[in-house]
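Here is a short guided tour for anyone new to reading protein structures. Keep the picture open as you go, and look up each residue when its name comes up.

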Amino acid sequence: MTLPVRRQRNGGATTERHLGWARNPLLEFDELLNQMSGLIESTVGGTAPAVAWTPLADVRETDDAFHVEIELPGVRSKDVDIEAGGQELVVTGAVEEKEREGVLRRSTRRTGAFEYRLRVPGYPGNIDTEKIKADMSDGVVSITVPKAEVDRPRHIHITESGESGESTGH
């Protein structure tokens, strides 16, 4: 079976992108939003209404905590707000557009308000909000969200009983 190919021209060079199973609808939707925003800006002038975007992140779970790493290049720690309550961790802030001289011909950097939400699996109160720690280094916010004591897995020691019924614990 042959897959359809879309050909695009970029500065004289022709690139091909195969459609079909390799498509990512979210990336296509994001591209469409960017094009619509540019159309609104060029038609109406000024900027389109701010829509919060979601930064890239990794979430790992260990026995005692959730570890979240969020990419925010060029953002200062004072411009980031982190809140936690119940089952949810919310990271918000804004990336300001830089003042530039000349005509900006192309921009793919994200600017404006951002918001990252994480709903922690389980029931409300399974995270210890008092012990959450956050650190920022090289444009990455690292957040450690400890699990509450009642939610942590516990190792149960098994004792052996002899034939006489006596416990020989190890």
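The sections below go from the whole chain to a few individual residues.

## The overall picture

A first thing to know is that this is a predicted model. The chain contains 1 helix and 9 strands. If you walk along the sequence, the order of these elements is β-β-α-β-β-β-β-β-β-β.

How much of the chain is buried? Of its 170 residues, 18% count as buried. The accessible surface adds up to about 13500 Å², and carbon and sulfur atoms contribute 50% of that area. Folding also brings together residues from separate places in the sequence: among contacts in the chain with a separation of 6 or more, 48% are between residues 24 or more positions apart.

## A nonpolar patch on the surface

Next, find helix α1, which covers residues 25-44 and includes F29. F29 is also part of a nonpolar patch on the surface, together with L32, L33 and M36. Together, these residues have about 370 Å² of accessible area.

## A hairpin of two strands

Now look at strand β5 (residues 80-85) and strand β6 (residues 88-95), which pair in the antiparallel sense. The pairing runs over 6 bridges. In one of them, G85 is matched with E88 in β6.

The hairpin has 2 residues between its strands. There you will find G86, which takes a positive phi near 65°.

## A salt bridge between distant parts of the chain

The structure holds 5 salt bridges. One of them joins the side chains of E61 and K147, with a distance of 2.6 Å from N to O. The two partners come from distant parts of the chain: E61 is in strand β3 (residues 57-61), K147 is in the segment after β9 (140-146), and they are 86 residues apart.

Is K147 buried or exposed? It counts as buried because its relative accessible area is 5%, and buried means under 20%. K147 has another polar neighbour as well: a polar atom of its side chain lies 3.0 Å from the backbone oxygen of T62.

## A network around R117

Another salt bridge is formed by E88 and R117, whose closest N and O atoms are 3.0 Å apart. This pair also links distant parts of the chain, with E88 in strand β6 and R117 in strand β7 (residues 112-119), 29 residues apart. Both residues are partly exposed, E88 at 25% relative accessibility and R117 at 44%. Which residues are joined into one network by salt bridges that share partners? They are E88, E115 and R117.

E115 is worth a closer look. This residue is found in strand β7 and is partly exposed, with a relative accessible area of 29%. The side chain of E115 makes a polar contact with the side chain of R117, at 3.4 Å. Leaving aside neighbours within four places in sequence, E115 is in contact with A52, W53, T54, P55, V90, V91 and T92. E115 and G93 are 22 residues apart in sequence, while their C-alpha atoms are 6.8 Å apart in space.

A further salt bridge in the structure joins D128 and K131, and there the closest N and O atoms are 3.8 Å apart.

## Two exposed loop residues

Let us finish with two loops. G74 lies in the loop between β4 (65-71) and β5. Why does G74 count as exposed? The reason is its relative accessibility of 80%, since exposed means over 50%. In sequence, G74 and V95 are 21 residues apart, and in space they are 7.8 Å apart, C-alpha to C-alpha.

The other loop, between β8 (133-137) and β9, holds D138. D138 is exposed too, with a relative accessible area of 80%. What is the phi of D138? It is positive, at about 55°, although D138 is not a glycine. For background, most residues other than glycine have a negative phi.

Terms used: Residues numbered from 1 in each chain as written. Predicted model: local features only at pLDDT ≥ 70, side-chain atom pairs only at ≥ 80, totals over all residues. Heavy atoms only, no water. Patch = residues over 30% accessible without salt bridge, like charges linked within 9 Å, V, L, I, M, F, W, Y side chains within 5 Å. Areas by Shrake-Rupley, 256 points an atom, 1.4 Å probe, with all protein chains shown as cover. Salt bridge = Lys/Arg side-chain N within 4 Å of Asp/Glu carboxyl O. Helix = DSSP H or I, 4+ residues; strand = E, 2+ residues; numbered from the N terminus. Buried < 20%, exposed > 50% of the residue type's maximum accessible area, 1.4 Å probe, protein only. Contact = heavy atoms within 4.5 Å. Pairing = 2+ DSSP bridges. Polar contact = N/O pair within 3.5 Å; in protein donor to acceptor, adjacent residues only side chain to side chain.
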